[in-house]
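Subject: Structure handover

Hi,

Here is the structure I promised to pass on. My notes follow it.

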Amino acid sequence: MRFNIININKVTSTNNYALQLIESGGLHEGDVISVPYQERGRGQGDNSWESEPGSNLLISIILEPNMISASQQFVLTQIISMAIADTVKEYVFAGYEIAEVKIKWPNDIYVDDKKIAGVLFQNFIKGNQIEYSIVGIGINVNQKKFCSDAPNPVSIINYIHKQTDLDELLSKLLNKIGNHYEEFKFKENFSRLKSEYINNLYRFGELTTYSDYNGKFKGKIIDIDDFGRLSIKLENGEVKKYMFKEVEFLDFKV
Ligand code: BTN
């Protein structure tokens with residue numbers, strides 16, 4: 001897959017900028033908007049995304065994944081989060097500290113218990129197909145300190161104690177996204193993708209504390225279904241399925 005990197009000095013948000021261009025027919029599969037700074041970077045929901053100028057990776061990738069039906073959107077989440085986790089591993093594992101890089105369901109990338117990257121998907125559906133997708137990715141790279149109230153941010157530099165070249169990181173990331181994406185496009189191997197994702201899932205199979213609309217409880221993540229719902233097995237054997245935002249991971253392990 002060929003990527004076409006479009007470097008821009010400053011935008012409010014790469015996702016918003018991409019959306020405007022798409023609406024006027026100006027962007028296509030493989031285009032990547034990359035900026036050193038966003039005036040109003042967007043996180044999931046109403047959250048903002050903190051990033052000091054020039055320090056981190058801030059991109060939006062345009063995909064036209066017409067091989068993925070609307071009901072299979074979670075495939076895209078798996079492809080992208082696997083590629084980010086693999087890229088972060090390459091850097092963090094080269095450091096001196098022993099760290100674990102995992103995907104916190106559905107698409108946060110964690111190093112140990114801290115968030116190093118996030119993804120903001122905007123999928124546009126036509127009929128039963130994804131017509132196009134704006135994949136906004138933020139990876140914390142060279143920023144040492146964060147001042148927003150984000151609960152647990154961390155950067156690659158906090159592990160390897162030296163600056164990372166952002167262009168090189170971007171090219172590694174795009175390579176991995178391209179490989180996972182093309183492989184899926186030709187083989188449509190759902191079960192392989194799912195098992196790779198689960199192998200990398202934060203807190204999979206560990207007894208930990210969560211909270212939902214009924215309050216706190218202990219349980220173990222045991223599966224993800226085709227719609228991306230998280231299955232948690234409670235101590236009494238009951239299995240509950242959650243959509244995004246219906247369950248919160250509490251900080252402490254038990
Ligand atoms: C999250 O809350 O975890 C999602 C964060 C996504 C941040 C990236 S930075 C580039 C792109 N443009 C945005 O405004 N947000 C995404």
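Start with the shell around the ligand. By class, 10 of its residues are polar, 6 are nonpolar and 3 are charged. Bear in mind that this is a predicted model.

**The ligand site**

Which residues come nearest to the ligand? Of the 19 around it, they are Ser13, Thr14, Arg42, Gln44 and Lys115.

Three of the polar pairs, each with an oxygen atom of the ligand:

- Serine 13 uses its side chain. An N or O atom there is 2.8 Å from a ligand oxygen.
- Arginine 42 uses its backbone. The distance from a backbone N or O atom to a ligand oxygen is 2.7 Å.
- Lysine 115 uses its side chain. A polar atom there lies 2.6 Å from a ligand oxygen.

How much of the ligand does the protein cover? On its own, the ligand has 410 Å² of accessible area, and the protein covers 98% of that. As for the site itself, the ligand takes up the space of the largest pocket.

Four elements give two or more residues each to the shell. One is a helix, H1 (14–23). The others are strands: S3 (57–63), S6 (114–126) and S7 (129–139). Which of them gives the most? That is S6, with 4 residues.

**The chain as a whole**

The secondary structure comes to 5 helices and 12 strands. The radius of gyration is 18 Å, and the globule rule gives 18 Å for 254 residues, so the chain is as compact as a globular protein of that length. If you are setting up a box, the C-alpha trace spans about 55 × 45 × 30 Å along its principal axes.

**Two backbone points**

Most peptide bonds are trans, and most residues other than glycine have a negative phi. Two places here go the other way.

The first is a peptide bond. Tryptophan 105 and proline 106 are joined in cis, with omega at about 0°. Proline 106 sits in the loop that runs between strand S4 (101–104) and strand S5 (108–111).

The second is a phi angle. Aspartate 112 is not a glycine, yet its phi is positive, near 50°. Its place is the loop between S5 and S6. S6 is also the strand that gives the most residues to the ligand shell.

That is the handover.

Best wishes

Technical notes. Residues are numbered from 1 along each chain as its sequence is written. This is a predicted model: local features need pLDDT of at least 70, side-chain atom pairs count only at pLDDT 80 or more; totals for chains, interfaces and linings use all residues. Side-chain values use heavy atoms; hydrogens and water are left out. A residue is near a molecule or strand if one of its heavy atoms lies within 4 Å of it. A polar contact is a pair of N or O atoms within 3.5 Å; within protein, one must be able to donate a hydrogen and the other to accept it, and residues adjacent in sequence count only if both atoms are side-chain atoms. Accessible areas come from the Shrake-Rupley method with a 1.4 Å probe; for residues, only the protein chains shown count as cover. On a 1 Å grid over the protein atoms alone, a cavity is a set of points where a 1.4 Å probe fits but cannot get out, and a pocket is an open set with protein on both sides within 12 Å along at least five of seven lines; lining residues have an atom within 4 Å of a point. A molecule sits in a cavity or pocket if more than half of its atoms lie within 2 Å of its grid points. Ala, Val, Leu, Ile, Met, Phe, Trp, Tyr, Cys and Pro count as nonpolar, Asp, Glu, Lys and Arg as charged, and the others, Gly among them, as polar. The radius of gyration is taken over C-alpha atoms; the globule rule is 2.2 Å times the number of residues to the power 0.38.
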